Amino acid sequence: AHAGTSLALPFRTEAHRTSLAIWDVPSPAVVGDPFMVKIGAKCAEECDLQGRRIEVYDGSGDRLATAEFGETLWSGSDALYWAEVELVAPAGEGVVSWSVGFQAADLELPHREASAGFGFATTKPPEHRLTVEVVEEGEGVGGGSTVPVPNAEVSLGAYRASTDESGRAILAVAGGSYELLIWKVGYEAPSRALEVSQDLTVRVEAADLHL
């Protein structure tokens, strides 16, 4: 004969975790103009998120747009469902902070709701074409440097670009006063105040710190 017995087995269940990603956000965006962003979500357990809803909110919490994930995963990912969402830039210039929320209430298995923020700048419509040529500091044929500096980051207020193999970057910008900054590892270039009131071409000499 054996006496009956029992043993408590405590454990805890947790909802699946989800993470969000936002990419291809233009910055700057033109005030009042529509633009597209890509938003993705992934379950830590790689659940099927097809048809799940995401919502975009402005800084005051007002809903701006709603979208649903399609059946196609983002190329090269294991379980990143994504959607392309159309938004409209605010009417005023400045820096904007918006957010994305993932709605998980309708999933068969419990999932945590997730949110993530993203930001961008807004500017007036571009009026002028600015060409920035970045070359190595030094003497070349005719008394000027001719050695281009490719892949240098060019910053003009909210505008960003990188130089190509010829050391040239082209930006479409609104008129105004700016500070022109050039950055690349191993190089040093002075900042420059720039007044843009027409199409301009600016040459910047960057010192090669390896020499």
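This report describes the nonpolar cores, strand pairing, backbone exceptions and cysteines of a predicted model.

**Nonpolar cores**

The largest nonpolar core has 27 residues, and I54, V56, V85, L87 and F102 touch the most other members. At least two residues of this core come from each of strand 3, strand 4, strand 5 (63-68), strand 6 (81-88), strand 7 (94-102) and strand 8. A second core, separate from the largest one, comprises 23 residues, among them A152, A161, I182 and V196. In soluble globular proteins, nonpolar side chains tend to be buried together.

The surroundings of F102 can be listed in detail. Apart from neighbours within four places in sequence, F102 is in contact with T18, L20, A41, L49, R52, R53, I54, F69, L107, R112, E113 and A114. One of these partners, I54, is also named with F102 among the core residues that touch the most other members.

**Strand pairing around strand 10**

Strand 10 (153-156) follows the loop that begins after strand 9 (128-136). Strand 10 pairs with strand 11 (residues 159-162) in the antiparallel sense, over four bridges. Within this pairing, V154 has A161 of strand 11 as its bridge partner. The two strands form a hairpin with two residues between them, and G157 in the turn has a positive phi of about 60°.

Strand 10 is also joined to strand 13 (residues 176-183) by four bridges, and these two strands run antiparallel. Here E153 has W183 of strand 13 as its bridge partner. A161, the partner of V154, is included in the second core.

**T123 and its surroundings**

T123 lies in strand 8 (residues 114-123). Its relative accessibility is 9%, and T123 therefore counts as buried, the limit being under 20%. The side chains of T123 and Y159 are joined by a polar contact of 3.3 Å. Neighbours within four places in sequence aside, T123 is in contact with P28, A29, V30, V31, E93, A158 and Y159.

One of these partners, P28, is placed in the loop between strand 1 (18-23) and strand 2 (29-30). The peptide bond from S27 to P28 is cis, with omega near 5°.

**Backbone exceptions**

Most residues other than glycine have a negative phi, and most peptide bonds are trans. Two residues other than glycine, E46 and N151, have a positive phi, near 60° in each case. E46 is situated in the loop between strand 3 (34-43) and strand 4 (53-57), whereas N151 belongs to the loop between strand 9 and strand 10. E46 is partly exposed at 45% relative accessibility, and N151 is likewise partly exposed, at 48%.

**Cysteines and accessibility**

The structure holds zero disulfides. The sulfur of C43 has its closest cysteine sulfur in C47, at 3.6 Å, which is too far for a bond because a disulfide requires the two sulfur atoms to be within 2.5 Å. From the side of C47, the closest cysteine sulfur is that of C43, again at 3.6 Å. Both cysteines count as buried, C43 at 0% relative accessibility and C47 at 15%.

The relative accessibilities discussed above are collected here.

| Residue | Relative accessibility | Class |
|---|---|---|
| C43 | 0% | buried |
| E46 | 45% | partly exposed |
| C47 | 15% | buried |
| T123 | 9% | buried |
| N151 | 48% | partly exposed |

Key: Residues numbered from 1 in each chain as written. Predicted model: local features only at pLDDT ≥ 70, side-chain atom pairs only at ≥ 80, totals over all residues. Heavy atoms only, no water. Buried < 20%, exposed > 50% of the residue type's maximum accessible area, 1.4 Å probe, protein only. Polar contact = N/O pair within 3.5 Å; in protein donor to acceptor, adjacent residues only side chain to side chain. Contact = heavy atoms within 4.5 Å. Core = buried A, V, L, I, M, F, W, Y, C linked by side-chain atoms within 4.5 Å. Pairing = 2+ DSSP bridges.
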